[in-house]
Amino acid sequence: MKRMIFDEDHEAFRESCAAFLAKNVTPDLETYVSDKALPRDFWLAAGAEGFLGLEIPEAFGGAEAGDFRFNTVFAEELAKLNAALPSCVAIHTDIAVPYIVDLGTEEQKQRWLPRCATGEIVTAIGMTEPGGGSDLAALKTTAVRDGDEWVINGSKTFITNGFSADLVLTAVRTSPEKGAKGITLFGIEATDPGFSRGRKLDKVGNDEADTSELFFENVRLGDDRVIGEVDRGFIYMMERLPQERLTCSVANIAHAKQILLETIQYAKDRHAFKQPIGSLQHNKFLIAELVTKIEVAESYVDQAVLAHSRGELTATDAAKTKWWSSEVQNDVLDHCVQLHGGYGYMNEYRVARAWRDARVSKIWAGSNEIMKELIGRDLGL
């Protein structure tokens, strides 16, 4: 079914994205896997082409697209290569940077945004803590006032871009007695004394992403590092989670769709019982189901993208989009592995890596169980 949400400008942008990735990324993907990180050369090249500044105002060196459909196109093209790329890039472009754009002071914007646009600064967002999981209100990292400074102590884990980030937007507890209403966001730079990183975490999938632990030991910062207002961090995070979940949804479906297309070709080329395996009735029916499932899910995600572009996407609809897209992604890829037979279980095949990579999509950006809880509450249950 023809998609109706993109116009000529979006499709021209897609061609630019695809050309950039074919030249600058595809030849080096195996190096990304072995290094467990995207190299700085990638970020600088993407910045030079303007891909990192879609959310950044022109006054600070960005493209200021003002249309989330451009973000969607870039995420889809990244997802065609693997699941890690759209995750790492979106953490920077669609999640961390908008906090600075929306909430930062003029000095903060001047200090960080131009270099975020060029890739000289790579960002991460420090929310998840050991033992905390999806419960963002239970943060244990603290910032205690000492004269004119804040003293930050604590740790974060499962932080995408954590090992390479130059700037980490970090959620910490500033007023313990206020519960969720006592959380503040700080911009912590990698060069700040007391900031350190743990190892690159050994994950089941998403090998290309550098995911790590972060530690804060008596990190002293002034008020110039507070993002927004003190004690309003939880509200800020809740307001911006829909965009994060939508970005995940876009990547989920694009990722699964690409592997399904490759699986269909495999089903045409691979012969068994003297015929292409795709012509066997069970496989033919299964592939028909998978194609329909992807297109239906894609249509729903497209409507969510349009709603977000109009400023109308609700937190509940973002939750629906996130949990459903990740369920479809994992279901489709599991069948793609099965259709490949023994080869589908070999890491040298893209389908095997995609299957491993996809499993986390039901966990990150809020687990699917949390998504259903949000939907249920909205129904008055």
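This is a short talk on some pockets, strands and single residues of one protein model.

Good morning. A word before we start: the model is predicted. I will go through the open and closed spaces, then the strands, then a few residues one by one.

Let us begin with the second largest pocket. Its volume is about 450 Å³. Which residues sit closest to its centre? Of the 25 that line this pocket, they are Glu55, Phe68, Asp102, Gln243 and His308. You can find these five on the structure and use them to locate the pocket. Four helices give two or more residues each to the lining: H4 (68-79), H5 (84-103), H7 (233-269) and H8 (281-309). Which element gives the most? That is H7, with seven residues. Sorted by class, the lining of the second largest pocket has 10 nonpolar residues, nine charged ones and six polar ones.

Now the closed spaces. How many cavities of 30 Å³ or more does the structure hold? There are three. The largest cavity has about 60 Å³ of space. Its lining is made of Phe51, Leu54, Asn71, Phe74, Ala75, Leu78, Pro86, Val89, Ala90, Thr93 and Asp94. Helices H4 and H5 come up again here, as each supplies at least two residues of this lining. For the largest cavity, H5 is the element that gives the most, with five residues. The classes in this lining are eight nonpolar, two polar and one charged.

Next, the strands. I will take strand E4, residues 167-173, as the main example. Is E4 mostly covered or mostly open? It is mostly covered, with seven of its seven residues buried. In a regular strand, side chains alternate between the two faces of the sheet. In E4, one side carries Leu167, Leu169, Ala171 and Arg173, the other carries Val168, Thr170 and Val172, and both faces are covered. Note that Arg173 is among the buried residues.

What are the partners of E4? Strand E1, residues 123-126, pairs with E4 in the parallel sense over four bridges. Thr123 has Leu167 of E4 as its bridge partner. Strand E5, residues 183-189, pairs with E4 in the antiparallel sense, over seven bridges. Here Ala171 is matched with Leu185 in E5.

A further strand with two pairings is E7. Strand E3 (residues 149-160) and strand E7 (residues 211-221) are antiparallel, joined over eight bridges. Thr160 stands opposite Thr211 in E7. Strand E6, residues 195-200, also pairs with E7 in the antiparallel sense, over four bridges. On that side, Lys200 stands opposite Ser212 of E7.

Between E6 and E7 there is a loop, and Asn206 lies in it. Most residues other than glycine have a negative phi. Asn206 is not a glycine, yet its phi is positive, about 50°. Asn206 counts as buried because its relative accessible area is 5%, and the cut-off is under 20%. A second case is Ala365, with a positive phi near 60°. Ala365 is in the loop between helix H10 (350-358) and helix H11 (368-378). Its relative accessibility is 13%, so Ala365 is buried too.

On to the cysteines. A disulfide is a covalent bond between the sulfur atoms of two cysteines. How many disulfides does the structure hold? The count is zero. For Cys17, the nearest cysteine sulfur is that of Cys88, 17 Å away. For Cys88, the nearest one belongs to Cys248, at 12 Å. A disulfide needs the two sulfur atoms within 2.5 Å, so Cys88 is in none. Cys17 is buried, at 0% relative accessibility. Cys88 is buried as well, with a relative accessible area of 0%.

The last residue is Asp302, which is found in helix H8. Is Asp302 buried or exposed? Asp302 is buried, because its relative accessible area is 6%. Leaving out residues up to four places away in sequence, Asp302 touches Arg3 and Ile5. Asp302 can also be set against Glu15: the two are 287 residues apart in sequence, and their C-alpha atoms are 19 Å apart in space.

That is the end of my part. Thank you.

Technical notes
Residues are numbered from 1 along each chain as its sequence is written. This is a predicted model: local features need pLDDT of at least 70, side-chain atom pairs count only at pLDDT 80 or more; totals for chains, interfaces and linings use all residues. Side-chain values use heavy atoms; hydrogens and water are left out. On a 1 Å grid over the protein atoms alone, a cavity is a set of points where a 1.4 Å probe fits but cannot get out, and a pocket is an open set with protein on both sides within 12 Å along at least five of seven lines; lining residues have an atom within 4 Å of a point. Grid points are joined across faces, edges and corners, and a volume is the space filled by probe spheres set on the points. Ala, Val, Leu, Ile, Met, Phe, Trp, Tyr, Cys and Pro count as nonpolar, Asp, Glu, Lys and Arg as charged, and the others, Gly among them, as polar. Two strands pair if DSSP finds at least two bridges between them. Buried means under 20% relative accessible area, exposed over 50%, partly exposed in between (1.4 Å probe, protein chains only). Contact means heavy atoms within 4.5 Å.
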